[in-house]
Amino acid sequence: MIVSAAWVLPISGPPIRDGAVRVRDARIVEVAPRDEIVAAHPSEEVADHPGCTLLPGLVNAHTHLALTVLGGVVPPAPFPEWIGRVARAIRALTPDDLAASATLGAHRCIASGTTTVGDIVYTPESVTLAEDAGLAGAFFWEVLGIDPAAIGERLERAGYPAAPTRDDDHIRFGLSPHSPYTSGPGLSSALHALAPTHGALFAVHLAESPAEIEFVRDGSGPLADVASRTAPDFEPAGVSPIRYLHELGALDDAIAVHCAEATGDDVPLLAGHARGVVVCPRSNAYLHVGPAPVEALARAGVRLALGTDSLASNSDLDLFAEARALAGIAPALSAERIVRTMTLEGATMLGLAGVTGSIESGARADIALFRTPASDDPYPALLKTAGRHTVQGVMSAGVWRVLDGQPTSPSHYLDVAVRKAAARAAAAVA
Ligand SMILES: [Zn+2]
């Protein structure tokens, strides 16, 4: 099949006006001007989308899809207040609730043009459900608040794959200690050391709130109480959370999520050691923290990705809405850099470069098509208008998941399961 659009943005190469992509099975085999491809393959089916921009399926690099039913359940609030409510709501969810929630989250991602996630999972079903919905991604098991000696048992109980490397190339696994206030230094270091021994990634929520800054520096503030239970070996570090992680040796190749309260002193540490930073500007605003010093991070050469975080701290999973919030806090970033952040740069951070995040021969056929106004400058036009309301088509591994703006396989059973789960969570925080 050949798919053409007014603009094709391969990301790994310059934009192509009146471009096209040829897809065979689940892979992209060719990207070039439409006329060239059609002339070379006259008998191949062509799907023309003349009013659209075609780009790689988007990479939402930080999600908690299993918390999608918490949308609207936990209102915006200062971080320490919010995290207590979220913990109560999560405890109220049954395994079935989490599964329905993960499925709903995966569908919402696809519906807004996202085909890859960096997802924090609570049960192994999340991975299967995300794959079924068409998502690729890196899936991080969160291990917090335990003695490091119990990691193996905890991972086994949570269904972490015994051999976390798969033959196929579109799923990666990872480990996460959640944060410096929910995992002590012993546990964080142990997870960081364990991850590369079986090819897993390491991610951590870091420098998210002033409360976390205060806790790591002095051992005091609103997070000290929860930390006394979950991170009993923690000693006040006298430094920022980012420097603290670095001094533990756990910043190397780490995916640092948020960094909303990172300072100028933290930026070179992130540039020199971290795998990259996932920024979540709307989640940060929801929790009255940040914004992250994105322009300084970009100037220092830090790899950036973009995430919506969960619906417990955001209004939707629409990555282009997130991108416009990013442009708002980092006006010096070009539209092209922002689109790269939400495609190839995000895929690279999740260990999926060459698999997804770019339109190139050999990559998975993960494609998003957005209806866009005619323009000579495709990146700003896309950034200004794209979103879940302008999705024309979404293809994942060569399969259309959205066509003409409509999901190709709507799921009705899900509505009921989701309503029940949301009610349970709302009752827990009422
Ligand atoms: Zn998160």
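In this predicted model, the lining of the largest pocket draws at least two residues from each of α2 (79-91), β7 (136-142), α5 (151-157) and α8 (224-230). Of these elements, α2 gives the most to the lining of the largest pocket, contributing nine residues. The space in the largest pocket comes to about 1,100 Å³, and its lining is made up of 36 residues, of which A87, I90, Y122, E142 and L144 lie nearest the centre. Sorted by class, that lining holds 19 nonpolar, nine polar and eight charged residues.

Besides this pocket, a search of the whole structure returns one cavity of 30 Å³ or more, and the volume of the largest cavity is about 40 Å³. The largest cavity is lined by A61, H62, G118, I120, F140, A203, I255, V257 and V278. Three strands, β5 (58-63), β6 (114-121) and β10 (255-258), each supply at least two residues of this lining. The class make-up of the cavity lining is seven nonpolar and two polar residues, with no charged residue.

The strands that line the cavity lead to the parallel sheet. β5, β6 and β10 belong to an open sheet of eight strands, whose order is β5-β6-β7-β8-β9-β10-β11-β12 and whose pairing is parallel. At the edges of this sheet stand β5 and β12 (304-306), each with a single partner strand, so that one side of each is left without a neighbour in the sheet. On average, and with direction ignored, neighbouring strands of this sheet are turned by 25 degrees against each other. Towards the β12 edge, strand β11 (residues 276-279) is joined to β12 by three bridges, the two strands running parallel, and V279 stands opposite L306 of β12.

A further open sheet of eight strands is arranged in the order β3-β2-β1-β4-β13-β14-β15-β16, and here the pairing is mixed. Its edge strands are β3 (27-33) and β16 (406-407), each of which pairs on one side only. At one of these edges, six bridges join strand β2 (residues 16-24) to β3 in an antiparallel arrangement, in which R22 has E30 of β3 as its bridge partner. The hairpin formed by β2 and β3 has two residues between the strands, and D25 in this hairpin takes a positive phi near 55 degrees. At the β16 edge, strand β15 (residues 399-403) runs antiparallel to β16 and is joined to it by two bridges, with L403 standing opposite Q406 of β16.

The strand pairs at these sheet edges can be set side by side as follows.

| Strand pair | Bridges | Direction |
|---|---|---|
| β11 (residues 276-279) and β12 | three | parallel |
| β2 (residues 16-24) and β3 | six | antiparallel |
| β15 (residues 399-403) and β16 | two | antiparallel |

Turning to helix packing, two packed helices are described by the angle between their axes and the distance between the axes. For helix α13 (residues 319-329) and helix α16 (residues 378-385), the angle is about 110 degrees and the axes are 8 Å apart. Angles of 65 to 115 degrees count as roughly perpendicular, and α13 and α16 are therefore roughly perpendicular to each other. On the α13 side, the contact is made by F320, A323, R324 and A327, and on the α16 side by L382, L383, K384 and T385. By class, the contact of α13 with α16 consists of five nonpolar, one polar and two charged residues.

Two details of the backbone fall in loops. The peptide bond from G290 to P291 is cis, with an omega near 5 degrees, and P291 has its place in the loop between α11 (281-286) and α12 (294-299). C259, although it is not a glycine, has a positive phi of about 50 degrees, and this residue is found in the loop between β10 and α10 (266-273).

Conventions
Residues are numbered from 1 along each chain as its sequence is written. This is a predicted model: local features need pLDDT of at least 70, side-chain atom pairs count only at pLDDT 80 or more; totals for chains, interfaces and linings use all residues. Side-chain values use heavy atoms; hydrogens and water are left out. On a 1 Å grid over the protein atoms alone, a cavity is a set of points where a 1.4 Å probe fits but cannot get out, and a pocket is an open set with protein on both sides within 12 Å along at least five of seven lines; lining residues have an atom within 4 Å of a point. Grid points are joined across faces, edges and corners, and a volume is the space filled by probe spheres set on the points. Helices (H or I, at least four residues) and strands (E, at least two) are DSSP runs, numbered from the N terminus. Ala, Val, Leu, Ile, Met, Phe, Trp, Tyr, Cys and Pro count as nonpolar, Asp, Glu, Lys and Arg as charged, and the others, Gly among them, as polar. Two strands pair if DSSP finds at least two bridges between them. Axes are lines fitted to C-alpha atoms, for helices over the stretch in contact, and angles run from 0 to 180 degrees between N-to-C directions. Angles under 35 degrees count as roughly parallel, over 145 as roughly antiparallel, 65 to 115 as roughly perpendicular and the rest as oblique. Contact means heavy atoms within 4.5 Å.
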